[in-house]
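User: Hi! I am new to protein structures and would like to learn how to read one. Could you walk me through it, feature by feature?

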Amino acid sequence: LGLNGSVSYQIVPSQVKDMPVFTYVSINPNSGDIYALRSFNHEQTKAFEFKALAKDEGNPSLQSNATVRVIVLDVNDNTPVITAPPLVNGTAEVYIPRNAGVGYLVTVVKADDYDEGENGRLSYEMVEGDRGFFEIDHVNGDIRTTRAFGENAKTAYELIVVAHDHGKTSLLASALILIYLSPALDA
């Protein structure tokens, strides 16, 4: 009762990644509510902890502390980046022999995503272009031919491919793949 039951709260000074804990969180001295003082990014800080102190106004004053562990959850905040084939202004040029048969490996599309779990798991697909001539493996990004090219085949084909993650709001990267048939039959 009275001053013996009047409690105030504070954070015990400490460091989080070489920065004072006070740059990460604050505590309301009357209620003990803890507030974030910055945005947290799971890829930079997965978790951190600090001590909170509760102290009464009695005589003698009594106190206790607790370790607070903050776990930063991953959100889908990183867009995939296509790393292969090499892109120039979002476009890659690939050359294949005119006599490439069914199942010929044209190229492999690879992307990186710095998120974790489903937010970083990628799938690949063709969304536009000459899709009747090619197929893409949704897991590993292999693009292969689905038919042979005859002597009268056109010399250039276009595909727009995307790499998308599996976050609740999926993020994606796209690329234009230009596929050229070499002039010589067996080039």
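Analyst: Happy to; we will go from the whole chain down to single residues. Keep in mind that this is a predicted model.

User: Let's begin with the whole chain. How many helices and strands does the protein chain have?

Analyst: The protein chain has 16 strands and zero helices. Its radius of gyration is 29 Å, while the globule rule gives 16 Å for 187 residues, so the chain is more spread out than a compact globule. You can also look at the C-alpha trace along its principal axes, where the spans are about 100 × 25 × 20 Å. Of the 187 residues, 33% count as buried.

User: How is the protein chain divided into domains?

Analyst: There is domain 1, covering 3–71, and domain 2, covering 81–182. Taken over C-alpha atoms, their centres are 51 Å apart. A database record gives another view: UniProt, in an unreviewed entry, places the feature "domain: Cadherin" at residues 4–82 and 88–181. In the span 4–82, the end C-alpha atoms lie 63 Å apart, with 46% strand and 0% helix. For 88–181 the end C-alpha atoms lie 20 Å apart, and that span is 51% strand and 0% helix.

User: Now the sheets, please. What holds the strands of a sheet together, and in which senses can they pair?

Analyst: Strands of a sheet pair through backbone hydrogen bonds, and the pairing is either parallel or antiparallel. For a case here, look at the open sheet of three strands in the order E1-E6-E7, where the pairing is antiparallel. Strand E1 (7–11) and strand E7 (63–71) are the edge strands, each pairing on one side only. On average, neighbouring strands of this sheet are turned by 25° against each other, direction ignored.

User: How many bridges link strand E6 and E7?

Analyst: Nine bridges link strand E6 (residues 47–56) to E7, in the antiparallel sense. Two of the facing residues to find are Ala 47, whose bridge partner in E7 is Ile 71, and Glu 49, which stands opposite Arg 69 in E7. E6 and E7 form a hairpin, with six residues between them.

User: And which strand runs parallel to E9?

Analyst: That is strand E16 (residues 172–181), joined to E9 by six bridges. Within this pair, Glu 93 stands opposite Leu 178 in E16. Strand E9 (residues 91–96) also shows how side chains can alternate: Ala 92, Val 94 and Ile 96 point to one face and are buried, whereas Thr 91, Glu 93 and Tyr 95 point to the other face and are not buried.

User: How do I judge a single residue? Is Asn 119 buried or exposed?

Analyst: Look at the relative accessible area, where buried means under 20%. Asn 119 has 14%, so Asn 119 is buried. Asn 119 sits in the loop between strand E11 (110–112) and strand E12 (122–129). Leaving aside neighbours within four places in sequence, its contacts include Asp 74, Asn 76, Asp 113 and Asp 165.

User: What about Ala 156, and where is it placed?

Analyst: Ala 156 is in strand E15 (residues 156–165). Its relative accessibility is 31%, so Ala 156 counts as partly exposed. With neighbours within four places in sequence left aside, Ala 156 is in contact with Ile 179 and Tyr 180.

User: Finally, the backbone. What sign does phi have in most residues, and what form do most peptide bonds take?

Analyst: In most residues other than glycine phi is negative, and most peptide bonds are trans. This model has some cases to compare with that rule. The peptide bond from Asn 59 to Pro 60 is cis, with omega near 5°, and Pro 60 is in the loop between E6 and E7. Ala 84 and Pro 85 are also joined by a cis peptide bond, with omega about -5°.

User: Which residues other than glycine have a positive phi?

Analyst: One of them is Asp 18, with phi near 65°, in the loop between strand E2 (15–16) and strand E3 (19–20). Asp 18 counts as exposed, at 70% relative accessibility. Another is Asn 89, with phi about 55°, in the loop between E8 and E9. Asn 89 counts as exposed too, at 79% relative accessibility.

Note on methods: Residues numbered from 1 in each chain as written. Predicted model: local features only at pLDDT ≥ 70, side-chain atom pairs only at ≥ 80, totals over all residues. Heavy atoms only, no water. UniProt positions renumbered as here; feature names shortened; annotations may be inferred. Helix = DSSP H or I, 4+ residues; strand = E, 2+ residues; numbered from the N terminus. Buried < 20%, exposed > 50% of the residue type's maximum accessible area, 1.4 Å probe, protein only. Contact = heavy atoms within 4.5 Å. Domains from an automatic or database assignment. Pairing = 2+ DSSP bridges. Axes fitted to C-alpha atoms, helices over the stretch in contact; angles between N-to-C directions. Rg over C-alpha atoms; globule rule 2.2 N^0.38 Å.
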